[in-house]
Amino acid sequence: MSELVRFLREKVWLLGDTRWYARVDSVGGELVEVERLGYAQLDARARAVGAWLAGRTPPGARVLLMYPAGLEFLTVFLGCLYAGRVAVPAPLPDTDRRALERAAGIIRDAEVDLVLSDAAHRPALAAWLTGPDPAPPAECVATDSAGLPDPGTWSPAALEPSATAYVQYTSGSTSEPRGVVITHRNLLHNLLSIRQTLLPEEVLDEFRHDPSQCGAGWLPHHHDMGLVGMLLGPLASYGNLVFCSPVTFVAHPQLWLQMISRYRAFYTFAPNFGYDWLLRSLRNTRLTDLDPDLDLACLRFALNGAEPIRADVLNAVARRLAPVGFNADVWAPSYGLAEATLMVTGTTCGKGPTLGRFDRDALEAGRAVPAPDGVDLVGCGRPVGADVRIVDPDTAQPLKEGHVGEIWVSGDSVADGYLGDPRTTAEHFAATTADGEGPFLRTGDLGFLQEGELFVTGRAKDLIIANGRNIHPQDIERVSESTDPATGLCAAFTLSDASGREHIVLVQEVRPLHLDGRTPASLADLVRRRLAHELRLAVQVVVVGPMSVPRTTSGKIQRSRTRDALRAGRLSPLHCDLALRH
Amino acid sequence: MSRSEILAELKAMLAEFGDVDPQLVDEQTAFIADLGLDSLVLVRMTVVAEERFGVRIPDEVAWELDTVGSVVSYVEESLSRRIGAGGE
């Protein structure tokens, strides 16, 4: 049996159904538990899925999982691990219009023959898969009505730690999906490292002996944090989990607080935007109106990760929720990425967050210099079973503490690479420092170390992060350029306003010959509406003359130089949606 | 529910969830291009609209409803179809 499967099933043997997973929903504003499975029940169903998969797919076959939020997804994911089949989780099309396009890309890229879903979603998926449209041929089966064999017929697959566990589709623009190959070793190592770093021995003992310890969350299971952190984390550390679907959380943000309060949750977790959304949704609400018994004093650990962490959001949430027992010491910032399974650095339970202020000009010059009136930065904790280096991205020279450079990572949690893409894999996963150490994963993110703690100062080059969506500027630019014959080259990026809130800005070159008497303002309006319709993004448009967007010598647009030029007032816009501060 | 009642309810929702002044809203107003609403507000409004109006708004439909007037029309048609089919 795989070491990873043994590790997970060990918890089932030890704890049986004394620990559980439960999903809740909001019905008429009330929290209602809609499904629950104990560890042993979960394991039995996963073995049935494993036996069924072993009977109809070759070892190592890649299987696309397209499920709504719920326990069927978790049982099938575990079933794939048990059987030595490679799960490829993907979002259902009802969460995002481009999901089908994305799924088609994944089916092609991962050479998938079998798509698994539930009975409610199978008909639409099957119609799409057999239709004339872009879907490559693949069969679709609903596992909840498949007539699975007896769990006792499952026999463990002998698997090396280097065997692929699953493929996590992540970065890459819509047209070029990029699948990170996660091995059994990667997943086991990251789960164990997270447990060891985040949970001190006495806390882990509480979890081991107290059957009521619970986590609460709402993350999508097709993201690394939802899959590894939310769904697999509890099994690894003897806990229970209560969760709801991401859409339920977005529609009823207060359900998150009710889950924590009602189930006496010990921990919760979300990217920064989730806490910010909660805060925004509570603006006109009295907490006691929500639920007179709301009490968050049980919460001892609130992880914030997967996105840049904002100190003002941490402070505002803590202040807003203090009257119902939220303690600011429970904040646990972290840093990670799918290419390293999930977590790279994290904050130990009970330690509290490290907030620092650093001189803005010095940071831009590459040095972290504390300054009382500087930029607020939140420390993302210490390495979680990983070797983290700060390296000059141009010279590959390792940098000392307090110097800003690219974050490089190595260790057993770092994935093998991208599926079927040796060139990009070599670019990202095989970096060597100038003094010959390696291989390292190049994260593309910028940061510095201070007293062993990682501070992230800039995310992957050009990536736009808005409300939990990672948006590639190329996707915005492609839509805009195809809007009208008068829209030429353009550059998309984010710009923060005076309050620190980020806005998406598009600098669009005009082709004057194609304007046909229209004003630049009307062209901007056209582009804004097209982007709103196609991508559901509110974008502020700046129209400039031909050849105004900075390019490299080979003609590639330069987004950060365009942003700098706009900020410095060097662009002379023909039309501008935003009020520029010079 | 009449067209003007649906519009009034929608304006109230925009004020509640999007902090939008109802005075600034008419049937031509576009949610993203004019009001700059983000995807979280839109998802929340869609789910709450389903609950308050008692109609289903599938995601592929929601994506196409980009102005206030298009939502009012969709809700109006869904409600009248239901009554026509002997619902309520």
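**Exercise 1. Find what follows helix α1(B), then describe the helix.**

Task: Which residue follows α1(B), and what is the sign of its phi?

Solution. The residue after α1(B) is D19(B). Its phi is positive, near 60°. Keep in mind that this is a predicted model.

Task: Check whether the length of α1(B) agrees with its number of residues.

Solution. Start with the count: α1(B) covers residues 3–18, which is 16 residues. At 1.5 Å a residue, the expected span is 22 Å. Now take the end C-alpha atoms: they lie 21 Å apart, so the two values agree.

Task: Work out which residues of α1(B) are buried and how they are arranged around the axis.

Solution. First list the buried residues: I6(B), L7(B), L10(B), L14(B) and F17(B). They cover an arc of only 110° around the axis, so they sit on the same side of α1(B). Then turn to the face pointing away from that buried side. There you find the exposed residues S4(B), E5(B) and A12(B).

**Exercise 2. Describe the contact between the chains.**

Task: How many residues does each chain bring to the contact, and which helices of chain B take part?

Solution. Chain B brings 17 residues and chain A brings 14 residues. On the chain B side, α2 (39–53) and α3 (59–64) each supply at least two residues. The largest share of that side is 7 residues, and it comes from α2(B). Last, sort the chain B residues by character: 10 are nonpolar, 2 polar and 5 charged.

**Exercise 3. Explore the largest nonpolar core.**

Task: Name the residues that touch the most other members of the largest nonpolar core, and the helix that gives the most to it.

Solution. The core has 201 residues. L64(A), L65(A), V88(A) and M259(A) touch the most other members. Helix α3 of chain A, residues 71–83, gives the most to this core, with 10 residues. Now look at L64(A) alone, leaving aside its neighbours within four places in sequence. Its contacts include V88(A), A90(A), I106(A) and L116(A). For background, nonpolar side chains in soluble globular proteins tend to be buried together.

**Exercise 4. Classify A104(A).**

Task: Is A104(A) buried, exposed or partly exposed, and why?

Solution. Place the residue: A104(A) lies in helix α4 of chain A, residues 99–110. Count its C-beta neighbours inside 10 Å: there are 18. A buried residue needs 20 or more, and an exposed one has 12 or fewer. A104(A) therefore counts as partly exposed. One more pair to locate: A104(A) and P177(A) are 73 residues apart in sequence, and their C-alpha atoms are 9.8 Å apart.

**Exercise 5. Trace the neighbours of two strands in chain A.**

Task: Which strands pair with β20(A), and in which sense?

Solution. β20(A) spans residues 405–410, and 5 of its 6 residues are buried. Strand β19(A), residues 387–391, joins it through 5 bridges and runs antiparallel to it. In that pairing, I390(A) has I407(A) as bridge partner. Strand β22(A), residues 441–450, is also antiparallel to β20(A), over 4 bridges. Here W408(A) stands opposite R442(A).

Task: Do the same for β12(A), residues 301–304.

Solution. Both faces are covered: F301(A) and L303(A) are buried on one side, A302(A) and N304(A) on the other. β11(A) pairs with β12(A) in the parallel sense over 4 bridges. A270(A) has N304(A) as its bridge partner. β13(A) is also parallel to β12(A), over 3 bridges. There L303(A) stands opposite A332(A).

Conventions
Residues numbered from 1 in each chain as written. Chains lettered and ligands numbered in written order. Predicted model: local features only at pLDDT ≥ 70, side-chain atom pairs only at ≥ 80, totals over all residues. Expected span 1.5 Å × (residues − 1). Arc of directions from axis to C-beta. Contact = placed C-beta atoms within 7 Å. Nonpolar A, V, L, I, M, F, W, Y, C, P; charged D, E, K, R; others polar. Core = buried A, V, L, I, M, F, W, Y, C linked by C-beta atoms within 7 Å. Pairing = 2+ DSSP bridges.
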